[in-house]
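Subject: Structure handover

Hi,

Here is the structure I promised to pass on. Please load it first, then read my notes below.

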Amino acid sequence: MPSIFIISRRNSPLSAEQTGQLLWIEEVGATVEKGQLLARLDNRHLKLRLAQQKAELKQHKANVVYLEKQKGRMSKLNKMNNTALSELERIEKDLAIAVNEVDALKLSLEQTLLAIEKSEITAPFAGSISQRFVSEGELITSGRPVIQLVDTHHLDVKISAPLSI
């Protein structure tokens with residue numbers, strides 16, 4: 001007797017990319033579009049870190065502006081032989097360090113923004129939620145499957161029949 005199977009081309013267990021408490025998850029059976037939010041983890045600690053990094057970045061940028069002005073003043077004084085060359089070189093060194101600190105803080109800020117983005121699980125394709133592996137309030141670790149998404153638009157039909165009837 002022949003058997004017929006209809007299977008989805010894409011059937012994906014979607015995992016968390018961050019660790020955190022699950023605040024919300026889409027219901028089983030829901031139809032979702034590509035990019036739609038499926039689950040959200042608590043990211044308050046990341047938002048606090050982002051605020052702190054922004055404040056530190058402002059401080060370091062102010063330091064760069066100050067050192068650039070100092071360098072200009074010392075350059076003028078050095079040209080008139082009113083200051084030691086070593087003092088100008090020290091300010092140039094401090095300015096280079098301050099610029100590098102600003103660049104490092106910008107990278108750190110970008111990493112935090114990425115972590116905030118990764119605290120939400122979105123649909124990589126349109127489909128339906130077939131299963132939830134976790135419940136709201138659970139602590140989710142990175143890599144743990146959270147929800148099963150099935151593509152209901154791209155299906156394959158498989159028929160198996162005996163060689164002789």
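The notes below cover the cores first and the strands after that. Keep in mind that this is a predicted model.

Nonpolar cores

The largest nonpolar core has 18 residues. Within this core, Leu38, Val146 and Leu149 touch the most other members. Three elements give two or more residues to it: β3 (20-25), β5 (37-41) and β9 (145-150). There is also a second, separate core of 12 residues. Leu46, Val64, Ala98 and Ala115 are among its members.

Leucine 149 deserves a look in the viewer. Leaving aside neighbours within four places in sequence, leucine 149 is in contact with Arg10, Asn11, Ser12, Leu14, Val32, Leu38, Ala123, Pro124, Phe125, Gly127, Ser128 and Ile129.

Pairing around β5

β5 pairs with β3 over three bridges, in the antiparallel sense. β5 also pairs with strand β6 (residues 120-122), again antiparallel and over three bridges. Arginine 40 appears in both pairings: this β5 residue is the bridge partner of tryptophan 24, and arginine 40 has glutamate 120 as its bridge partner in β6.

The four-stranded sheet

Which strands form the open sheet, and in what order? The order is β2-β9-β7-β4, with antiparallel pairing. β2 (11-15) and β4 (31-32) are the edge strands, and each pairs on one side only. β2 and β9 run antiparallel and are joined by five bridges. Across that pairing, leucine 14 stands opposite isoleucine 147 in β9.

Best wishes

Terms used:
Residues numbered from 1 in each chain as written. Predicted model: local features only at pLDDT ≥ 70, side-chain atom pairs only at ≥ 80, totals over all residues. Heavy atoms only, no water. Core = buried A, V, L, I, M, F, W, Y, C linked by side-chain atoms within 4.5 Å. Buried < 20%, exposed > 50% of the residue type's maximum accessible area, 1.4 Å probe, protein only. Contact = heavy atoms within 4.5 Å. Pairing = 2+ DSSP bridges.
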